[in-house]
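Student: I should like to learn how to describe the fold of a protein chain. May we work through one example together?

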Amino acid sequence: MTKKQRAEQIIDLLEKEYPLADCTLDYDEAWKLLVSVRLAAQCTDARVNIVVKDLYEKYPTPQALAEATPEEIEEIVKPCGLGRSKARDIHKCMNVLVSDYGGHVPDDFDRLLALPGVGRKSANLIMGDVFGKPAIVTDTHCIRLVNRMGLVDGIKEPKKVEMALWKIIPGEKGNDFCHRLVYHGREVCTARKAYCEKCCLIDVCKKKL
């Protein structure tokens with residue numbers, strides 16, 4: 001079985017197991033997802049979803065966040081950890097959105113990547129979730145699971161994993177596939193232990209073959 005054939009089977013099985021899987025960060029505007037994904041670094045999505053409620057109540061627009069000071073933003077977001085650097089990045093990012101894009105999030109990958117605090121994972125998430133374009137989000141769940149499944153071979157660097165997956169995952173399937181990996185990684189194939197006995201992928205996963 002080739003990696004592409006295994007990927008096709010895994011995608012089908014995950015679609016059946018998690019039909020409604022989507023982003024676990026709460027947002028109703030593109031710029032809010034941009035903020036939340038920065039806060040989610042080394043923090044749970046559940047905590048981010050709680051913290052941003054206070055942040056958006058006080059600063060309801062990109063303009064409002066741009067006009068705030070990094071210290072004012074940090075005071076609210078510090079429960080997410082790394083408060084100073086995250087607040088600084090959010091402040092800079094919102095200033096660029098306001099000055100260069102009229103407060104709107106660009107729908108171009110390279111322009112997203114150029115925003116302060118935005119890496120490939122964040123840019124792909126925005127492209128896929130907000131704009132419905134092909135995307136592969138290589139978070140920790142994705143990297144762990146695709147290695148265990150045999151879709152990549154011992155690759156741990158996010159960009160290299162992403163590039164390898166682009167070769168075997170259909171572009172239109174990539175974003176939802178990565179969301180389903182998050183659900184599967186939390187519920188079944190966890191970092192501490194892979195519960196293979198209850199895994200829907202047991203017949204195609206390289207770990208069990």
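Tutor: The questions below concern this chain, which is a predicted model.

Student: How many helices and how many strands are there in the chain?

Tutor: Read along the sequence, the pattern is α-α-α-α-α-α-α-α-α-α-α. Each α stands for a helix, and the count is therefore 0 strands and 11 helices.

Student: What radius of gyration does the chain have, and what would a compact globule have?

Tutor: Along the principal axes, the C-alpha atoms fill a box of roughly 55 × 30 × 30 Å. For 209 residues, a compact globule would have a radius of gyration near 17 Å, and the chain agrees with this at 18 Å.

Student: What percentage of the residues in the chain is buried?

Tutor: A residue is called buried when its relative accessible area is under 20%. Among the 209 residues of the chain, the buried share is 49%.

Student: Which helix gives the most residues to the largest nonpolar core?

Tutor: In soluble globular proteins, nonpolar side chains tend to be buried together. Here the largest nonpolar core has 69 residues, and Met94, Leu165 and Phe177 have the most contacts inside it. The helix that gives the most to this core, with 6 residues at positions within 30–39, is α2.

Student: Which residues does Leu165 touch, leaving aside those up to four places away in sequence?

Tutor: Leu165 is one of the residues with the most contacts inside the largest core. A contact here requires heavy atoms within 4.5 Å. With residues up to four places away in sequence not counted, Leu165 touches Ile136, Thr138, Cys142, Val146, Leu151 and Val152.

Methods: Residues are numbered from 1 along each chain as its sequence is written. This is a predicted model: local features need pLDDT of at least 70, side-chain atom pairs count only at pLDDT 80 or more; totals for chains, interfaces and linings use all residues. Side-chain values use heavy atoms; hydrogens and water are left out. Helices (H or I, at least four residues) and strands (E, at least two) are DSSP runs, numbered from the N terminus. The radius of gyration is taken over C-alpha atoms; the globule rule is 2.2 Å times the number of residues to the power 0.38. Buried means under 20% relative accessible area, exposed over 50%, partly exposed in between (1.4 Å probe, protein chains only). A nonpolar core is a set of buried Ala, Val, Leu, Ile, Met, Phe, Trp, Tyr and Cys residues joined through side-chain atoms within 4.5 Å.
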